[in-house]
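I opened this one cold, with a notebook beside me. Below is what I looked up, in the order I got to it.

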Number of protein chains: 2
Amino acid sequence: MNASDTFTLMQSIGQQAKVAARHMARAGTAQKNAALLWLADRIAHEGKAIEKANENDLKAANDAGHDPAFIDRLRLGDKAVDTMAAGLRQVASLPDPIGEVSEVKSQPSGIAVGKMRVPLGVVGIIYESRPNVTVDAAALCLKSGNATVLRGGSEAFHSNQLLAKWIGEALVHAGLPEASVQVVPTTDRAAVGALITMPQYIDVIVPRGGKSLIQRVSAEATVPVIKHLDGVCHVYIDDETDLDMAWRIADNAKTQRYAPCNTMETLLVARGIAADFLPPMAEIYLAKHVELRVCTATRAILQNHGIAAHQLRDATEKDWTTEYLAPILSIKIVDGLEAAMQHIDHYGSHHTDSIVTTNHIRAMRFLREVDSASVMVNASTRFADGFEFGLGAEIGISTNKLHARGPVGLEGLTTQKWVVFGHGEVRT
Amino acid sequence: MNASDTFTLMQSIGQQAKVAARHMARAGTAQKNAALLWLADRIAHEGKAIEKANENDLKAANDAGHDPAFIDRLRLGDKAVDTMAAGLRQVASLPDPIGEVSEVKSQPSGIAVGKMRVPLGVVGIIYESRPNVTVDAAALCLKSGNATVLRGGSEAFHSNQLLAKWIGEALVHAGLPEASVQVVPTTDRAAVGALITMPQYIDVIVPRGGKSLIQRVSAEATVPVIKHLDGVCHVYIDDETDLDMAWRIADNAKTQRYAPCNTMETLLVARGIAADFLPPMAEIYLAKHVELRVCTATRAILQNHGIAAHQLRDATEKDWTTEYLAPILSIKIVDGLEAAMQHIDHYGSHHTDSIVTTNHIRAMRFLREVDSASVMVNASTRFADGFEFGLGAEIGISTNKLHARGPVGLEGLTTQKWVVFGHGEVRT
């Protein structure tokens with residue numbers, strides 16, 4: 001397929017999505033749930049078929065010399081199939097956000113003014129190798145009344161095409177337009193360029209994948225993008241604190257899992273508690289083989305407590321802005337709350353930051369003043385997640401300030417319009 | 001000032017705004033109100049000084065050969081000065097949106113998760129000749145805890161610089177950073193280009209002015225833009241309706257004022273009621289010298305009722321998408337609700353649309369299905385306004401779907417972050 005054909009194809013997909021979006025906006029909850037549950041059954045009962053389609057992708061990825069981690073992300077085994085089906089049932093069980101009318105208030109003119117929650121319209125999703133995203137993203141967009149254009153990784157092409165076929169059948173079964181979920185049927189990279197520059201058809205783009213994908217999409221898109229860049233998350237241990245709580249949270253925030261975006265990358269410690277807090281904390285990390293990159297004050301305290309110099313690396317300026325996504329942690333001693341907030345403001349990525357303190361005034365200042373999508377008191381940064389926040393599902397975590405910020409669930413895929421209930425009022 | 005100097009100046013303004021934004025985010029309500037009220041007094045008491053500065057701008061505009069309407073927009077007379085002072089007192093009297101914590105719910109893990117309303121950060125405002133926008137916009141941004149960079153029209157330079165000086169004094173008087181409101185001190189057009197491409201300093205741009213300004217800003221900005229493009233607003237007269245109400249609303253929506261964006265530009269009439277509704281309606285419009293551009297069915301009905309052929313123009317395809325902002329109205333007869341909604345979807349600008357009907361089912365379908373920022377039942381489109389909607393103030397009307405949609409008040413200049421109240425919880 002040449003670039004011009006791809007452009008024409010994408011225009012046609014966009015047009016169909018826009019027409020489908022009008023139907024989806026008025027689809028009933030029962031209809032949307034019927035599609036989700038039908039698809040869940042189909043996937044659960046025909047796991048073998050999807051695993052077979054997936055085998056084609058795995059073989060091609062093997063032949064292309066992709067590394068084991070890549071192939072692992074691509075694989076749809078029994079467990080992944082069960083998880084997809086369970087996810088669909090979970091989304092079906094969530095309340096429908098669409099149509100909610102809120103804040104209706106009578107005005108002096110006699111009109112009553114409120115807000116109605118409505119779909120965004122057409123959501124474009126661009127993602128990389130994991131084919132389960134096809135089903136997860138389709139489910140969230142469908143439940144929130146949007147039409148969707150999905151552009152998966154070329155390596156998952158066979159898996160995605162079979163899932164797309166079933167999604168289409170589920171929609172038709174429920175009486176919904178087949179075009180309300182479209183999976184782009186080409187691996188041509190020009191399809192991405194077309195998708196992100198069709199504001200006449202696409203209302204928002206959600207890129208899911210590595211940083212290079214997201215940077216490319218952000219730089220080139222003429223459509224609004226709900227995106228997630230870095231997760232350089234901090235925990236600040238205040239000098240008024242409970243040490244057991246501080247050790248527990250700082251341990252969990254770093255070591256519960258290393259790869260997620262909400263994992264702590266920099267630990268900030270108030271000078272007044274550093275000598276008590278840091279040595280046992282460092283022992284915990286070192287026992288788990290976490291590499292520590294430390295400021296000079298931290299090194300002095302730890303070496304003074306018998307930790308060998310070679311077990312520590314000196315943190316460089318670059319460490320404070322690095323999202324390791326690995327068993328590496330930077331540690332810095334700061335004078336106190338103000339210095340901690342300045343560090344977070346200067347070096348952080350405004351994703352998730354937590355204070356551990358027993359001081360109420362400082363807790364409330366941290367909550368109010370730290371300008372991040374999720375700000376926590378006495379909790380592990382690992383909680384910044386749509387499920388843990390009670391959203392029931394998650395399409396991603398946004399580092400945008402406008403529209404959707406932090407974990408994005410069904411509500412983030414909707415907007416509100418103003419509704420006015422009049423009785424013949426006119427303006428004077 | 002050359003382009004490189006302007007770029008350096010704007011970078012410096014951006015940096016200072018960002019630093020000021022952190023202070024503004026934690027400013028108390030009393031402090032913000034003190035600045036607003038001090039400024040209101042200053043403007044009220046020194047009206048002569050502002051009128052004198054304004055004279056310089058008016059003289060230059062006269063010399064430059066600007067038309068009377070332009071000069072009228074530029075003029076700050078007694079009334080404009082009083083209105084600015086009253087506007088400041090009004091904003092001071094509004095509730096402070098910042099710091100509001102809502103929807104806090106306990107989660108199974110033990111943490112409580114909610115949302116806190118916070119400022120956007122730094123708001124850039126680009127506007128044209130009216131110098132009163134300097135004060136209005138500064139007031140809204142200040143009350144909502146944002147730092148602001150204001151770029152007014154070069155023709156209002158002297159007026160804006162004096163107002164900027166007083167705003168700075170008001171901020172200092174209240175103990176707030178002077179840099180939290182900055183008025184760009186150059187008329188170099190390159191300042192706009194710099195302002196809209198500094199995402200590292202500016203969180204959102206609000207352009208206020210003509211369509212060409214807004215299109216330029218939207219096309220070139222790398223910062224999110226809260227914008228207002230067209231207002232092609234519709235009133236649909238259903239065949240189940242009260243004729244007196246329909247005449248009253250259709251009259252008001254068009255003729256109460258011609259220039260606002262929420263004025264009706266196209267009147268849609270259900271075929272079943274057209275012969276009863278249209279002739280008296282046309283008489284009202286023609287008596288007010290509103291030019292009527294009509295579909296063939298409308299022409300037939302009106303001529304049949306004795307309106308002369310030459311009093312009507314045939315509507316062309318272009319009329320259905322035109323925002324006249326003038327005593328011109330396009331009229332089309334449609335089969336019914338479905339056709340009306342299709343017309344609005346296809347030709348409208350998704351700004352404000354109203355249905356006049358006594359049928360509940362159709363009213364609710366119109367409210368739900370019409371994808372516009374403000375959707376009304378039995379009310380004049382002229383109500384789409386921050387004051388009429390009860391926002392107490394308005395920075396503009398957004399035709400964006402994301403973030404702020406429709407009339408934008410203080411809340412549209414804020415965002416919400418997630419706040420987590422823990423007691424030492426960790427993720428398992």
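**Ground rules**

Before counting bridges I noted that two strands pair if DSSP finds at least two bridges between them. Helices (H or I, at least four residues) and strands (E, at least two) are DSSP runs, numbered from the N terminus. The model is predicted, so I kept in mind that local features need pLDDT of at least 70, that side-chain atom pairs count only at pLDDT 80 or more, and that totals for chains, interfaces and linings use all residues. Residues are numbered from 1 along each chain as its sequence is written, while chains are lettered from A and ligands numbered from 1 in the order in which they are written.

**Entry 1: chain A as a whole**

I counted 14 helices and 16 strands in chain A. Its radius of gyration (taken over C-alpha atoms) is 24 Å, and the globule rule gives 22 Å for 428 residues, so chain A is as compact as a globular protein of that length. That rule is 2.2 Å times the number of residues to the power 0.38. Along the principal axes, the C-alpha atoms of chain A fill a box of roughly 70 × 70 × 40 Å.

Next came burial. I call a residue buried if 20 or more other C-beta atoms lie within 10 Å of its own, exposed if 12 or fewer, and partly exposed in between, with C-beta atoms placed from the backbone. By that count 53% of the 428 residues of chain A are buried.

For contacts, the C-beta atoms of two residues, placed from the backbone, must lie within 7 Å. Of the contacts in chain A with a separation of 6 or more, 72% are between residues 24 or more positions apart.

**Entry 2: strand E6 of chain A**

How many residues of strand E6 (residues 204-208) of chain A are buried? I got 5 of 5, so to speak a clean sweep. The covered residues sit on both faces: Val204(A), Val206(A) and Arg208(A) are buried on one side, Ile205(A) and Pro207(A) on the other. In a regular strand the side chains alternate between the two faces of the sheet.

Strand E3 (residues 122-127) of chain A runs parallel to E6(A), and 5 bridges join them. I looked up one pair: Tyr127(A) has Arg208(A) as its bridge partner in E6(A).

**Entry 3: how the two chains relate**

I superposed the copies by least squares on the C-alpha atoms of residues with pLDDT of at least 70 in both. A rotation of 180° with 0.0 Å of shift along its axis puts chain B on chain A, at an RMSD of 0.0 Å. That is the relation of a two-fold axis. In chain B, the C-alpha nearest this axis belongs to His403(B), 2.0 Å from it. Both copies use the same surface, as 100% of the contact residues of chain B recur in chain A.

His403(B) deserved its own look. It lies in the loop between strand E14 (396-398) and strand E15 (406-408) of chain B. Is His403(B) buried or exposed? It is buried, because 20 other C-beta atoms lie within 10 Å. His403(B) also has a positive phi of about 65° although it is not a glycine. Most residues other than glycine have a negative phi.

**Entry 4: where the chains touch**

I found 57 residues of chain B in contact with 57 residues of chain A. Elements giving two or more residues to chain B's side include helix H1 (3-25), helix H14 (360-369) and strand E16 (414-425) of chain B. The largest share, 11 residues, comes from E16(B). The residues on that side divide into 23 nonpolar, 18 polar and 16 charged. Here Ala, Val, Leu, Ile, Met, Phe, Trp, Tyr, Cys and Pro count as nonpolar, Asp, Glu, Lys and Arg as charged, and the others, Gly among them, as polar.

E16(B) also pairs across the chains: strand E13 (residues 374-379) of chain A joins it in the parallel sense over 5 bridges. In E16(B), Val420(B) is the bridge partner of Met376(A).

I checked Arg26(A) too, in the loop between helix H1 (3-25) and helix H2 (29-45) of chain A. Leaving aside its neighbours within four places in sequence, Arg26(A) is in contact with Arg368(B) and Glu369(B). Arg26(A) is partly exposed, with 15 other C-beta atoms within 10 Å.

**Entry 5: the cores**

A nonpolar core is a set of buried Ala, Val, Leu, Ile, Met, Phe, Trp, Tyr and Cys residues joined through C-beta atoms within 7 Å. The largest has 132 residues, and Leu88(B), Leu195(B) and Val269(B) have the most contacts inside it. Helix H6 (residues 132-143) of chain B gives the most to this core, with 8 residues. Apart from it lies another core, of 131 residues, among them Leu278(A), Leu302(A), Ile111(B) and Val419(B).
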